[in-house]
Every structure is written in C-alpha cells, then in structure tokens.
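Please open the model in your viewer and keep the selection tool at hand. The tour below moves from pockets to rings, one selection at a time.

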Amino acid sequence: MAFKEILPRLRKERGVTQQELASKLYVTRQAVSRWETGETEPGVDMRKLIAVALDVPVVELLDLPDEQLCQCCGTPFSIPNMPHGTNADGSENGEFCKWCLINGNFAYNNLEDLIETTAPFLMEAMHLSRDEAVSFMGALAPTLKHWQD
C-alpha cells in the first residue's frame, strides 16, 4: 500500500489531526497534507519520526512490496531471476537469497556488515543517497527473520 494511503488511515485511527501530527514532527500542516495527497513523500528518517509519533512499527511506513522478501537482506524475490539461497545439503531455501545464504552459511555476521554491503545496491536501485539507504536498511533489516534470532 502506498504511503499516501497509509498515513491518513493511521493518523485517523489514532484520532490525530494533520495539525497535531505536524506539531509533533515540527513540520507544517501543509507538509502532512502533501504527504497524504502524494504530492510529496517524506524521507526515511522522517518516516521513522512519524512511526514514533503514531506509535506504529516503522516498516508499516516504508512502502515495502506486498511480496516475499529475503529474510536477511529484504530483497524482493520478484526481481527477475532472483535466486534462492541454499541449505547445507545444497537444497534450495525459499526464505533467503543466494547472496545471504550459501550452503547453509550466512554471508553477513551482523547488521552492520549487511548494511555496509547492501547500501550501494539500494542506492542504485532506488536512487537514494547513502544516508537514506543506510537509514532504510537500518529500519528494515531488524524486522527480518534472520536478525530476530
């Protein structure tokens, strides 16, 4: 679901006006209105603040695709020719991509390694700055299965 549809729904569910949300975020009411009409979209860091202000998980505000994602790096499996990872016995693992799980071993030791490696690809694919890519991965990755153990 698009951010412009999610924000007004969440805001109204919580009984918060555009002006009240704007005041909590130190932006104008017009900025909130533009987000809700889709005229503009807030960056990842502002979405994190909105999530705190509305008391929702930030992933609800990240415009993630409604499809299966690699449960380590978040890459959608809908990407053409997106290969799955492999288990120790060589069989395919449907939860992880081939860059994250190789013969039952994870390629990344910690979130910092994952973010450092994947940020450049995210920057290119989504036309984000490095800071935005790092912020996005910092919000998404902890919600994925591999990082919750």
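In this predicted model, begin with the second largest pocket, which holds about 160 Å³ of space. To display its lining, select Glu 41, Pro 42, Gly 43, Val 44, Arg 47, Leu 62, Asp 63, Met 126, Leu 128, Glu 132 and Phe 136. Colouring this selection by class should give six nonpolar residues, one polar and four charged, and helix 4 (44-54) and helix 6 each supply at least two residues of the lining.

Keep Arg 47 from that lining selected and add Phe 3: the charged end of Arg 47 sits over the ring of Phe 3, 4.3 Å from the centre of that ring.

Next, turn to the largest pocket, with about 550 Å³ of space. Of the 25 residues that line the largest pocket, Gly 74, Thr 75, Pro 76, Ile 79 and Leu 122 lie nearest its centre, and are a convenient selection to start from. Then show helix 5 (111-126) and helix 6 (130-140), each of which supplies at least two lining residues; helix 5 gives the most, with six. By class, this lining has 19 nonpolar, five polar and one charged residues.

Finish with the one aromatic pair that the structure holds. Select Phe 96 and Phe 106, whose rings meet edge-to-face, 4.9 Å centre to centre and with 85 degrees between the planes. The pair links distant parts of the chain, 10 residues apart, with Phe 96 in strand 2 (residues 92-97) and Phe 106 in strand 4 (residues 105-106). Phe 96 counts as buried, at 6% relative accessibility, whereas Phe 106 is partly exposed, with a relative accessible area of 31%.

Methods
Residues numbered from 1 in each chain as written. Predicted model: local features only at pLDDT ≥ 70, side-chain atom pairs only at ≥ 80, totals over all residues. Heavy atoms only, no water. 1 Å grid on protein atoms, 1.4 Å probe; cavity = no way out; pocket = protein on both sides within 12 Å on 5 of 7 lines; lining within 4 Å. Points joined across faces, edges and corners; volume = space filled by probe spheres on them. Helix = DSSP H or I, 4+ residues; strand = E, 2+ residues; numbered from the N terminus. Nonpolar A, V, L, I, M, F, W, Y, C, P; charged D, E, K, R; others polar. Phe/Tyr/Trp six-rings, centres within 6.5 Å; stacked < 30°, edge-to-face > 60°. Buried < 20%, exposed > 50% of the residue type's maximum accessible area, 1.4 Å probe, protein only. Lys NZ or Arg CZ within 6 Å of the ring centre and 35° of its normal.
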